[in-house]
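Subject: Structure handover

Hi,

Here is the structure we talked about. Please load it first, then read the notes below.

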Amino acid sequence: MSDHRQPPARRLMTDVPHSARVWNYLLGGKDNYPAGAEAGEMILRAFPDIAGIARDQRAFLARAVSFLTGEAGIRQFLDIGTGLPTANNTHEVAQWRAPESRIVYVDNDPLVLTHARALLTSTPEGACAYVEADVRDTDRVLEEAARTLDLHRPVGLTLLGIMGQLSDDEDPWALVSRLMAALPSGSHLALADGTDTSETLTRAIEAYNAHSANSYHLRSPDRIAAFFDGLELVEPGILRTADWRPDPGLSGQDVPSSHVISGVGRKP
């Protein structure tokens, strides 16, 4: 877990893989260090489809934010586990539809926030803010988010690939409940995470966990679905990422099974 009180050079920890930097490598980005690239290559050798998972999850983010901004009328977003900037970042999708949208990006990797501040710039009508915090510290996340967002109005909370970074002992289900409890009726949760439905992926993640500063925990589809308990599921429900409201002409049927499931739920 990153401690924002440490000196920046110490917190960067360039000699060990961090999840955001490994993900950046898998997406074809250049904002990573050799440790992250080596971890990415190790995963690719063990499970070549992992790059497809990274792209599918990023595409789901764009579709979910488009739905939230368009059909659901959300104008505020709390993006926890931002990752390094790439195409179709949350504010770009939201502000393309609604320039007045306000977005708070949260990540515990100082490299992410350095890039975010430089590259993720808001429209004049809206706002972007950047918080270095760990998702486990819900009080800090919400306190900092409230500086930019009105937490008395609906918020779109995005948690993509983040709950898998918490072990069962840390009770990520309770953490999601705490975050949603702080948001008003009409708020939405968009969540995606990897499933334990592939032995090959499971072995690849085990190898990654043995060499990374972060660990990732694959879970059964039912246990991932439990993150939406108490919420009203948005159609078509919780299903593999490629099949959640695919773009016109792309049914998702031709996309290999990615062993990641996604969904969006509304707080009553």
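Asp134 is a good place to start. Keep in mind that this is a predicted model. Asp134 is buried, with a relative accessibility of 5%.

**Salt bridges**

The count comes to 10 salt bridges. Asp134 takes part in one of these with Arg136; their closest N and O atoms are 2.9 Å apart. Arg136 is partly exposed, at 29% relative accessible area. So this bridge pairs a buried acid with a partly exposed base. The pair also belongs to a wider group: Asp134, Arg136 and Glu170 form a network of salt bridges.

Next, look at helix H7, residues 138–145. Glu144 and Arg140 form a salt bridge there, at 3.6 Å from N to O. Why can these two side chains be paired along the helix? They sit four residues apart in H7, so about one helical turn separates them. Arg140 is partly exposed, with a relative accessible area of 21%. The cut-off for buried is under 20%, so Arg140 falls on the partly exposed side of it.

Asp168 and Arg219 make another salt bridge, with the closest N and O atoms 2.9 Å apart. Asp168 is in the loop between strand S4 (156–160) and helix H8 (172–181), while Arg219 is in the loop between helix H9 (199–211) and helix H10 (221–225). The bridge therefore ties together parts that are 51 residues apart in sequence. Which of the two is buried, and which is partly exposed? Arg219 is buried at 3% relative accessible area. Asp168 is partly exposed at 35%.

**A buried arginine with no salt bridge**

Arg63 lies in helix H4, residues 50–70. Arg63 is buried but has no salt bridge. The nearest side chain of opposite charge belongs to Asp247, at 4.9 Å. A salt bridge needs the nitrogen within 4 Å of the carboxyl oxygen, so this pair does not qualify.

What does the side chain of Arg63 reach instead? It reaches the backbone oxygen of Arg245, at 3.0 Å. Setting aside neighbours within four places in sequence, Arg63 is in contact with Thr241, Ala242, Trp244, Arg245, Pro246 and Asp247. Asp247 is thus on the contact list, yet Arg63 has no salt bridge.

**Strand S2 and its partners**

Strand S2 covers residues 102–107 and is mostly covered: five of its six residues are buried. Strand S1 (residues 76–80) runs parallel to S2, and five bridges join them. For a landmark, Gln76 has Arg102 in S2 as its bridge partner.

S2 also pairs with strand S3 (residues 127–132), again in the parallel sense, over six bridges. Here Val106 has Val131 in S3 as its bridge partner. What links up with S2 and S3 to make a β-α-β unit? Helix H6 (residues 110–119) does, and the unit is right-handed.

**One histidine**

His259 lies in the loop between strand S7 (239–240) and strand S8 (260–266). His259 counts as buried, at 17% relative accessibility. Its side chain makes a polar contact with the side chain of Thr197, at 2.7 Å.

That is the full handover.

Best wishes

Key:
Residues numbered from 1 in each chain as written. Predicted model: local features only at pLDDT ≥ 70, side-chain atom pairs only at ≥ 80, totals over all residues. Heavy atoms only, no water. Buried < 20%, exposed > 50% of the residue type's maximum accessible area, 1.4 Å probe, protein only. Pairing = 2+ DSSP bridges. Right-handed = clockwise from strand over helix to strand, strands pointing away. Polar contact = N/O pair within 3.5 Å; in protein donor to acceptor, adjacent residues only side chain to side chain. Lys, Arg positive; Asp, Glu negative; His and termini not counted. Contact = heavy atoms within 4.5 Å.
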